[in-house]
Amino acid sequence: MADNNELITAHVLADTLNLAVDTIWRYTREKKIPCVDLGNKQYRYRYADVIKALAGSTVQENAARYEIDPTKKYTYQDYLELPEEPGYRFEVLEGVLVRDPSPNVMHQRVSRRLQRILEDYFWKADPGGEIFNAPLDVTFQDITVVQPDVFYIAGEQKPIVKKKRIDGPPKLVVEVMSPSTGRKDRLTKMRIYRNIQVLHYWLVNPDEKSLECFFLKDGIYALAASGMDEEVVEHPDFPELVIDLGALWQTY
């Protein structure tokens, strides 16, 4: 049993009340239970206050999801105020709020392996640069918030690295595609990254076992390098960077 005055997480509260975490999130969104907002979508609860708020009410365990308003133009601040929704992640694409399922295991394997390759390469090629991975917010002009799977901030781009987010275009963005995000990654995000001047945009498709490396030239993305299956990809703009695709798709 949780201490009455101790601040506890939604998961601890759910276990204590023998409820689903989704129910706690829903009651938080609907303001049916009191919470302490720590910022950055972090919420804590006092058990005694929650019990008092729920006294005499009937808890309904139906699954509920945050309702996206298709007429609203969402901002970064709106995004920060969204409660967490287990099993999903949100992005804001030019004011449009998008909800996607959390990545699957293969997606994460490929993303992690490619991140390791890029970290090893840029550790030598650009010691002042950094490789980041999702979940980390990257914002453009307050109406776009994305969480690229892997991205590279060059050493000379340090000013865009803030305490809680990256505010500006990385030099390289990598999106690992899944059936639910393929169209968004290839069309919507490609247009956004092009307009915001992301110099390099890579698309990785684990299902098709393919890698496409685009380079921004004269305002459009041109294919600089690509490969499929077990091929080895070498990028003309990154000397000595070698990506063995077979190693990306390998399963245990």
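Two strands are taken to pair if DSSP finds at least two bridges between them. In this predicted model, strand 11 (residues 172-176) and strand 12 run parallel and are joined by 5 bridges. One of the positions along this pairing is Glu175, whose bridge partner in strand 12 is Leu203. The chain passes from strand 11 through helix 6 (residues 182-195) to strand 12, and the resulting β-α-β crossover is right-handed. Elsewhere along strand 12, Tyr201 has Val173 opposite it.

On its other pairing, strand 12 meets strand 13 (residues 210-217), to which 6 bridges join it in an antiparallel arrangement. Here Val204 has Leu211 of strand 13 as its bridge partner. The two strands form a hairpin with 4 residues between them, and Lys209 in the turn has a positive phi of about 55 degrees.

These pairings belong to a wider sheet. It is an open sheet of 6 strands in the order 6-9-11-12-13-14, with mixed pairing. Strand 6 (130-133) and strand 14 (220-228) are the edge strands, each of which pairs on one side only. On average, and with direction ignored, neighbouring strands of this sheet are turned by 15 degrees against each other.

Helices pack against this sheet. Helix 6 touches strand 11, strand 12, strand 13 and strand 14, and its direction makes about 165 degrees with that of strand 12. Helix 5 (residues 105-125) lies across strand 6, strand 9 (150-153), strand 11 and strand 12, and runs at about 160 degrees to strand 11.

How is strand 12 placed with respect to the rest of the structure? Strand 12 (residues 200-205) is largely enclosed by the rest of the structure, because 6 of its 6 residues are buried. The burial extends to both faces: His200, Trp202 and Val204 are buried on one side, and Tyr201, Leu203 and Asn205 are buried on the other.

The contacts of Val204 illustrate this setting. Leaving aside neighbours within four places in sequence, Val204 is in contact with Val110, Leu114, Val174, Glu175, Val176, Met177, Ser210, Leu211 and Trp249. Val204 is also one of the residues that touch the most other members in the largest nonpolar core, which has 24 residues; the others are Leu118, Phe122, Val174, Trp202, Leu211 and Ile243. Helix 5, strand 9, strand 11, strand 12, strand 13 and helix 7 (245-249) each give two or more residues to this core. Helix 5 provides the largest share, 5 residues. Apart from this core lies another, of 22 residues, among them Val138, Ile196, Val198 and Phe214.

Charged side chains add a further set of connections, and the structure holds 12 salt bridges. Glu175, already met as the partner of Leu203, forms a salt bridge with Lys189, with the closest N and O atoms 2.9 Å apart. Since Glu175 lies in strand 11 and Lys189 in helix 6, the pair ties together parts that are 14 residues apart in sequence. Both Glu175 and Lys189 are buried. Salt bridges with shared partners join Glu91, Asp100, Glu175, Lys184 and Lys189 into one network.

Other salt bridges involve residues with some exposure. Lys72 and Asp78 meet through their side chains at 3.5 Å, N to O. Residues under 20% relative accessible area are buried and those over 50% are exposed, with partly exposed in between. Lys72 therefore counts as partly exposed at 34% relative accessibility, whereas Asp78, at 18%, counts as buried. A salt bridge also joins the side chains of Arg165 and Asp167 (3.8 Å, N to O). Arg165 counts as partly exposed at 24% relative accessibility, and Asp167 is partly exposed with a relative accessible area of 32%.

Attention may finally turn to helix 2 (residues 21-29), which is mostly covered, with 8 of its 9 residues buried. The buried residues are Val21, Thr23, Ile24, Trp25, Arg26, Tyr27, Thr28 and Arg29. They pack against helix 1 (10-17), strand 3 (42-46) and helix 3 (47-54). After helix 2 comes Lys31, with a positive phi near 60 degrees.

Terms used. Residues numbered from 1 in each chain as written. Predicted model: local features only at pLDDT ≥ 70, side-chain atom pairs only at ≥ 80, totals over all residues. Heavy atoms only, no water. Buried < 20%, exposed > 50% of the residue type's maximum accessible area, 1.4 Å probe, protein only. Right-handed = clockwise from strand over helix to strand, strands pointing away. Axes fitted to C-alpha atoms, helices over the stretch in contact; angles between N-to-C directions. Contact = heavy atoms within 4.5 Å. Salt bridge = Lys/Arg side-chain N within 4 Å of Asp/Glu carboxyl O. Core = buried A, V, L, I, M, F, W, Y, C linked by side-chain atoms within 4.5 Å.
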